[in-house]
Structures are given as structure tokens and as C-alpha cells.
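Me: Could you walk me through this chain, one question at a time? I would like the cut-offs along with the answers.

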Amino acid sequence: MALIIGWRWKVQCAPLFLCQVPLVYVTTCRYLGVQIVSGKSFGCSFDNARHKFYRIFNCLYAKSKSASSDLVTIHLVQSYCLPIWLYCSEVIPLKRAVLNSLNRCIDSVIHKVFSPRDHVNIKFIRQQLGLGDVDGFIISRTNKLLNSIIGDAQLSWLTSKFMQL
């Protein structure tokens, strides 16, 4: 299979052969758990991750109702659901739409668990539980990755450059 990324991604290309077998052109490709999408520039689709997030949350929520503690449910969400969504977020610059989608997922979890009446209460509950904005999660994951690679010497400089992308 072949995936076209670049300014001519919509153009019909000549057939590619590998060992006299023609390669099939595809619009999406899954590599190391990340859905890569063809387009003008390198991009990833997080629809599959969002579906997994909701599927795992619904399973956890159904099982943790018997625990009669909302905090247990939130801890399980932080331990199991968020890593699914945040997979590879430290190395792939995410678009604002993807970040907003993840924030809406967390808002819907808070709404289902605590049933607040408005968005202000959801924001307050997220703040109290340590489920702030997604940008904070991604920055901390990026810092942790860069720290494990190069140490503390140039960490702040690299983090600032990465966040400018």
C-alpha cells in the first residue's frame, strides 16, 4: 500500500510496483497505532482513539457504579482512558480541533459522572480533580519525553520550539 502526502496528494499517480505486484493507494494508513492520513501535509486522524476512549469509559463507568465513588471512576479514567487519547501526543503536533475534541470528551465524562448543570461547574470540577486543559497534559508528557532523551540542559528551549509548531 502507498500513501500520498504533499501538494499533489489528490492527483492520480502512476502505479507503483514492488516485486512485480502493484501497490494499492490508500487515504489512511495505520502505523504503530497511529492513523496517518493523506493530505497536503503530514496529518493524523484521532477518530479511532476517540471511539476507544468512549468505549473504555463506558465499560469502566458501568463497572465502577457498584464502587459508589465518583472519584474512583475519575481515577480509572485518568489511568486507562486518557493514555489512549494522548498516545503519541508528545511527538505529533496536534491541531486545535483535536485538542478541542479531547476537551469535549473529558467534559462529557465529567457530565456523566457528576451531572453538573452548566459549563462553569464542569470547568470547576475539572480544575479540582486535576483534569485541567489538555494542553497541560501534552506539555507535561512532552517535557517527560524530552527529559528522558536529553536531560534538563536544553529542555526548556526544546519545549518552547516544539510548542511553536
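Here are some questions and replies on the chain.

Me: Which numbering and filters apply here?
Reply: This is a predicted model, in which local features need pLDDT of at least 70, side-chain atom pairs count only at pLDDT 80 or more, and totals for chains, interfaces and linings use all residues. Side-chain values use heavy atoms, with hydrogens and water left out, and residues are numbered from 1 along each chain as its sequence is written.

Me: How many helices and strands does the chain have?
Reply: Helices (H or I, at least four residues) and strands (E, at least two) are DSSP runs, numbered from the N terminus. From that end, the order of elements is β-β-β-β-β-β-β-α-α-α-α-α-α. The count is 6 helices and 7 strands.

Me: What is the radius of gyration of the chain, and what does the globule rule give?
Reply: The radius is taken over C-alpha atoms, and the rule is 2.2 Å times the number of residues to the power 0.38. Along its principal axes, the C-alpha trace spans about 60 × 45 × 25 Å. The chain is more spread out than a compact globule, because its radius of gyration is well over the value from the rule for 165 residues: 20 Å against 15 Å.

Me: What percentage of the residues of the chain count as buried?
Reply: Buried means under 20% relative accessible area, exposed over 50%, and partly exposed in between (1.4 Å probe, protein chains only). Of the 165 residues, the buried share is 33%.

Me: How far apart are the centres of the positive and negative side chains?
Reply: Lys and Arg count as positive and Asp and Glu as negative, while His and the chain ends are not counted. Each charge is placed at NZ of Lys, CZ of Arg, CG of Asp or CD of Glu. With 19 positive and 8 negative side chains, the centres of the two sets lie apart by 10 Å.

Me: Why is there no bond between the sulfurs of Cys59 and Cys81?
Reply: A disulfide is a pair of cysteine sulfur atoms within 2.5 Å, and by this rule the count comes to 0. Cys59 is partly exposed at 45% relative accessibility, whereas Cys81 is buried at 0%. The sulfur of Cys81 is the closest cysteine sulfur to that of Cys59, yet it is too far for a bond, at 9.2 Å.

Me: Which residues is Asp107 in contact with, leaving aside its neighbours within four places in sequence?
Reply: Asp107 sits in helix H3 (residues 96–114) and is buried, with a relative accessible area of 15%. Contact means heavy atoms within 4.5 Å. Leaving aside neighbours within four places in sequence, the partners of Asp107 are His119, Ile122 and Arg126.

Me: And which residues does Ser101 contact beyond its neighbours within four places in sequence?
Reply: Ser101 also has its place in helix H3. Its relative accessibility is 9%, so Ser101 counts as buried. With neighbours within four places in sequence left aside, Ser101 is in contact with Arg50 and Trp85.

Me: What is phi of Gln20 near?
Reply: Most residues other than glycine have a negative phi. Gln20 lies in the loop between strand E2 (17–18) and strand E3 (21–22), and is exposed at 72% relative accessibility. Its phi is positive, near 60°.

Me: Where does Ser115 lie?
Reply: Phi of Ser115 is also positive, near 55°. Ser115 is exposed, with a relative accessible area of 52%. Its place is the loop between H3 and helix H4 (119–129).
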